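Open the model in a viewer and keep the selection panel at hand. The stops below go from the contact between the chains to single elements and one loop residue.

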Amino acid sequence: MQRPDEDLEQYLRKFQPRAVRRLELRPQAGNPWPLRLAVAAVVVLTGSVSLWHAERKTTKPANHVTVQAVQSIGMPQTRMSTPALTKLALDDSEAFDALLARESRTVLPSMQGEHSALRVLSKE
Amino acid sequence: MVTNTLKAAEVKALYEKYGSALVAYACCSGLDFAAAEDVVQQVFLKLLQGHVPVPQTPLAYLYRSVRNASFNLRRNLQHEVEMPDSETWLVGPSGHPEEVLALQSALRELPEEQRETVFLRIWGGMTLQEIADMLDIPVSTAASRYRYALEKLRERLQPAAEF
């Protein structure tokens, strides 16, 4: 009985399993949440910066450039009061004249334009 | 039981050594060849991910994993338990597909537990003790299943085959 079994086993072992395809190393399907959170954070950050930038532009004072220009020529940021102007006129007439000249550039109407009101009046 | 996680090279070496037999085992349990390949690949990809503790002697573990995965796939896809009768998952010594189909047909006619036992012994290279441990049955049961399986195979193959 033992011998026939061995013969049959030998016969069966002559058959081999069919070859299979190579082991495919597919990309690991890990947890997608860290990547999604990172993308969301970038989007929120970009949006916040854009909003902050836009808001900064709209809230900037209209006379911002003028104030800067005045500062650049040494004018005080706030206009001087009448008593202070009087004191300046009495103490230092040259400084007072310079101040008036600078002030006139922004306060008085421009006479540079061809049809400015003062030019028209002067012709009349 | 001592377990460890395997490196990629070790997993690939195991696949090279046992992959084809494991696919044939999955076919023997009722899957078609393509589905059997997918099942075995999934088992090895899990090993590659490194989260699975593997015993020091991984052969029984691999067969058990393929067995469970095949069972789950058959259940989920409602595959028939019957093996595909025109597809070969063995290669014969003569190269004639008729010889292979005759053997596969004889295997298909065996009760599942006998078919499994004879496959693990002949093509899995396992001892009866290892088969018993893997299937959680007494060695005597494994031995009797194997003996009955050989008797039935001899009856079915004898007229044509020479052994």
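Two strands count as paired if DSSP finds at least two bridges between them. With that in mind, note that this is a predicted model, then select strand 1 of chain A together with strand 3 of chain B. Two bridges join these strands, and they run antiparallel. Within the pair, pick A:Pro17: the residue opposite, in strand 3 of chain B, is B:Leu90.

Next, widen the selection to the whole contact between the chains. It draws 22 residues from chain A and 28 residues from chain B. On the side of chain A that touches chain B, helix 1 (2-13) and strand 1 (16-17) each supply at least two residues. Helix 1 of chain A gives the most to that side, namely nine residues. Coloured by class, the side of chain A that touches chain B shows ten nonpolar, three polar and nine charged residues. For the complex, the predictor reports an ipTM of 0.85 and a pTM of 0.62.

Now show chain A alone. Its secondary structure consists of six helices and one strand, and from the N terminus the order is α-β-α-α-α-α-α. Chain A has 124 residues, of which 4% count as buried.

Switch to chain B. Its mean pLDDT is 89, with 92% of its residues at 70 or more. Select helix 4 of chain B, residues 97-108. Why should this helix span 16 Å? It has twelve residues, and at 1.5 Å a residue, counting one less than their number, the expected span is 16 Å; the end C-alpha atoms are 16 Å apart, so the two agree.

Stay on helix 4 of chain B and display side chains. Which residues of this helix are buried? They are B:Leu103, B:Gln104 and B:Leu107. These residues cover an arc of only 100° around the axis, and therefore lie on the same side of helix 4 of chain B. To see what they pack against, add helix 1 (8-28), strand 3 (90-91), helix 5 (112-122) and helix 7 (139-157) of chain B.

The last stop is B:Asp136, in the loop between helix 6 (128-135) and helix 7 of chain B. Its phi is near 60°, a positive value in a residue other than glycine. Is B:Asp136 buried or exposed? A residue is exposed if 12 or fewer other C-beta atoms lie within 10 Å of its own; B:Asp136 has 7 within 10 Å, so B:Asp136 is exposed.

Key. Residues are numbered from 1 along each chain as its sequence is written. Chains are lettered from A and ligands numbered from 1 in the order in which they are written. This is a predicted model: local features need pLDDT of at least 70, side-chain atom pairs count only at pLDDT 80 or more; totals for chains, interfaces and linings use all residues. Helices (H or I, at least four residues) and strands (E, at least two) are DSSP runs, numbered from the N terminus. A residue is buried if 20 or more other C-beta atoms lie within 10 Å of its own, exposed if 12 or fewer, and partly exposed in between; C-beta atoms are placed from the backbone. The arc is that of the directions from the helix axis to the C-beta atoms. Two residues are in contact if their C-beta atoms, placed from the backbone, lie within 7 Å. Ala, Val, Leu, Ile, Met, Phe, Trp, Tyr, Cys and Pro count as nonpolar, Asp, Glu, Lys and Arg as charged, and the others, Gly among them, as polar. pLDDT is the predictor's confidence in each residue, from 0 to 100.
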